[in-house]
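Open the model in your viewer and keep the sequence panel beside it. The tour goes from one selection to the next and says what is there.

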Amino acid sequence: LLLIAIAIISIATLLQKKFKVLQAPFIIKDDKLQMLTLFPKSFKLSGIRQVIFTQHYHFRAGYSGKMQVLLKNGHYSRHYLFSKTLARDGELETRDFIIKQQEILKSHGVDSIF
């Protein structure tokens, strides 16, 4: 069963790379910012002061984005690493993707910086 699970995950990853499937870092649902990670975390939109985006470079993987949520109570979330696709992304592609994520947040009344 473990080998079958590994094979399915590998095939899904290869298909995502081939077709450059978009990897969204979050969704906004029920007035919450829900992080799409292995261990999902959500934040009430009303409790968010700001979302901080940065670019991250790794020599093998290319560029990716990082985001961190600053809450109104002064606490910070952990850093969430994300990429536009599973393929090797460039600097400009990543920058444009982060800007689109900022626009999504802004449309829901959440401030962000990059």
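Select Arg 95 to begin: at 34% relative accessibility, Arg 95 counts as partly exposed. Here buried means under 20% relative accessible area, exposed means over 50%, and partly exposed lies in between (1.4 Å probe, protein chains only). Add Asp 96, which is also partly exposed, with a relative accessible area of 35%. The side chains of Arg 95 and Asp 96 meet in a salt bridge, at 3.4 Å from N to O. A salt bridge is a side-chain nitrogen of Lys or Arg within 4 Å of a carboxyl oxygen of Asp or Glu. The structure holds 1 salt bridge.

Before moving on, note that this is a predicted model, in which local features need pLDDT of at least 70 and side-chain atom pairs count only at pLDDT 80 or more, while totals for chains, interfaces and linings use all residues. Residues are numbered from 1 along each chain as its sequence is written, and side-chain values use heavy atoms, with hydrogens and water left out.

Now colour by secondary structure. The protein chain has 2 helices and 7 strands, in the sequence pattern α-β-β-β-β-β-β-α-β. Helices (H or I, at least four residues) and strands (E, at least two) are DSSP runs, numbered from the N terminus.

Select helix α2, residues 91–107, which lies across β4, β5 (62–71), β6 and β7. The helix runs at about 170° to β4; axes are lines fitted to C-alpha atoms, for helices over the stretch in contact, and angles run from 0 to 180 degrees between N-to-C directions. Contact means heavy atoms within 4.5 Å.

Next, show the open sheet of 4 strands, whose order is β6-β5-β4-β7, with mixed pairing. β6 (80–82) and β7 (112–113) stand at the edges with a single partner strand each, so one side of each is left without a neighbour in the sheet. Two strands pair if DSSP finds at least two bridges between them. Strand β4 (residues 48–58) pairs with β7 in the parallel sense over 2 bridges. To see one of them, select Ile 52, whose bridge partner in β7 is Ile 113.

Move to strands β1 (residues 26–29) and β2, which run antiparallel and are joined by 4 bridges. Ile 28 has Leu 33 in β2 as its bridge partner. The two strands, β1 and β2, form a hairpin with 2 residues between them, and Asp 30 in the turn has a positive phi of about 55°.

Which side chains of β2 are buried? Select residues 32–35: Leu 33 and Met 35 point to one face and are buried, while Lys 32 and Gln 34 point to the other and are not. In a regular strand the side chains alternate between the two faces of the sheet.

Follow β2 to strand β3 (residues 41–44), with which β2 pairs in the antiparallel sense over 4 bridges. Lys 32 stands opposite Lys 44 in β3. This hairpin of β2 and β3 has 5 residues between the strands.

For the last selection, go to Ile 8 in helix α1 (residues 2–19). Ile 8 is exposed, with a relative accessible area of 54%. Finally, show the whole chain: buried residues make up 28% of its 114 residues.
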